[in-house]
Amino acid sequence: MIVLGSGLIGDRVPPLLASRLDRAVQCERRAAAEGRDLVLVVSGGQGADEDTSEAAAMRAYLLDRGVPAERILLEDKATTTEQNLRYGMDVLTGHGVAGRVLAVTNNYHVFRTAVLSRRLGLRLNVIGARTAAYFVPSAFLREFVALLAQYWRTNLAVCVLVAAGPLLLAAAS
């Protein structure tokens, strides 16, 4: 499992990131109850306004909730979702971990993460954690804009076709 970082407040895990980690804890406990080993990669570098890497803070959070230290692997360089996914997969591969991979993010971020993982050729599933209701509208807007920017050529082509459609129909008649 790769848990995507989302920023810290100093060295503290904020509620948005805590919801991702709590979702990962649920999955880890379910796997343990079923007798399966689950390895968690906590992924996130250190921002200019952060006192530690996201990965280190995430690891401490998971340890406080009883996740065994040997099940937690750190990836502390990523600063984007793409890097979270790529570097997280590299950590798993480097530790000889094979099998199904699950990425954990917030529910508003699942679609873009899944699209991105498919574009990168990564074989993984993405699940979402709950997001506070007050944050959802701005989060979905941010994701929409990110997808528009990420696929700007495709979006531009669609806009040109939509704008040219009436002109083409008028010329044909």
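Q: If helices are taken as DSSP runs of H or I with at least four residues, numbered from the N terminus, in which helix is Leu-148 found?

A: This is a predicted model, and in it Leu-148 is found in helix α5, which covers residues 136-150.

Q: Does Leu-148 count as buried, partly exposed or exposed?

A: The general idea is that buried means under 20% relative accessible area and exposed means over 50%, with partly exposed in between. Leu-148 has 35% relative accessibility and therefore counts as partly exposed. Together with Leu-141, Phe-144 and Val-145, Leu-148 makes a nonpolar surface patch of about 380 Å².

Q: How should the strands be read, and in what order do they form the sheet?

A: In a regular strand, side chains alternate between the two faces of the sheet. Here five strands form an open sheet with parallel pairing, in the order β3-β2-β1-β4-β5. The edge strands, β3 (72-75) and β5 (125-129), each pair on one side only, and from one strand to the next the twist averages 25°.

Q: Which strands pair with β4, and how many of its residues are buried?

A: Strand β4 (residues 102-106) pairs in the parallel sense with β1 (residues 2-4) over two bridges, where Ala-103 is the bridge partner of Ile-2. With β5, β4 pairs in the parallel sense over five bridges, and Thr-105 stands opposite Gly-128 of β5. Strand β4 is mostly covered, since four of its five residues are buried.

Q: Which strands does helix α3 lie across?

A: Helix α3 (residues 81-94) lies across β1, β2 (40-43), β3 and β4, and runs at about 155° to β1.

Technical notes:
Residues numbered from 1 in each chain as written. Predicted model: local features only at pLDDT ≥ 70, side-chain atom pairs only at ≥ 80, totals over all residues. Heavy atoms only, no water. Patch = residues over 30% accessible without salt bridge, like charges linked within 9 Å, V, L, I, M, F, W, Y side chains within 5 Å. Areas by Shrake-Rupley, 256 points an atom, 1.4 Å probe, with all protein chains shown as cover. Salt bridge = Lys/Arg side-chain N within 4 Å of Asp/Glu carboxyl O. Buried < 20%, exposed > 50% of the residue type's maximum accessible area, 1.4 Å probe, protein only. Pairing = 2+ DSSP bridges. Axes fitted to C-alpha atoms, helices over the stretch in contact; angles between N-to-C directions. Contact = heavy atoms within 4.5 Å.
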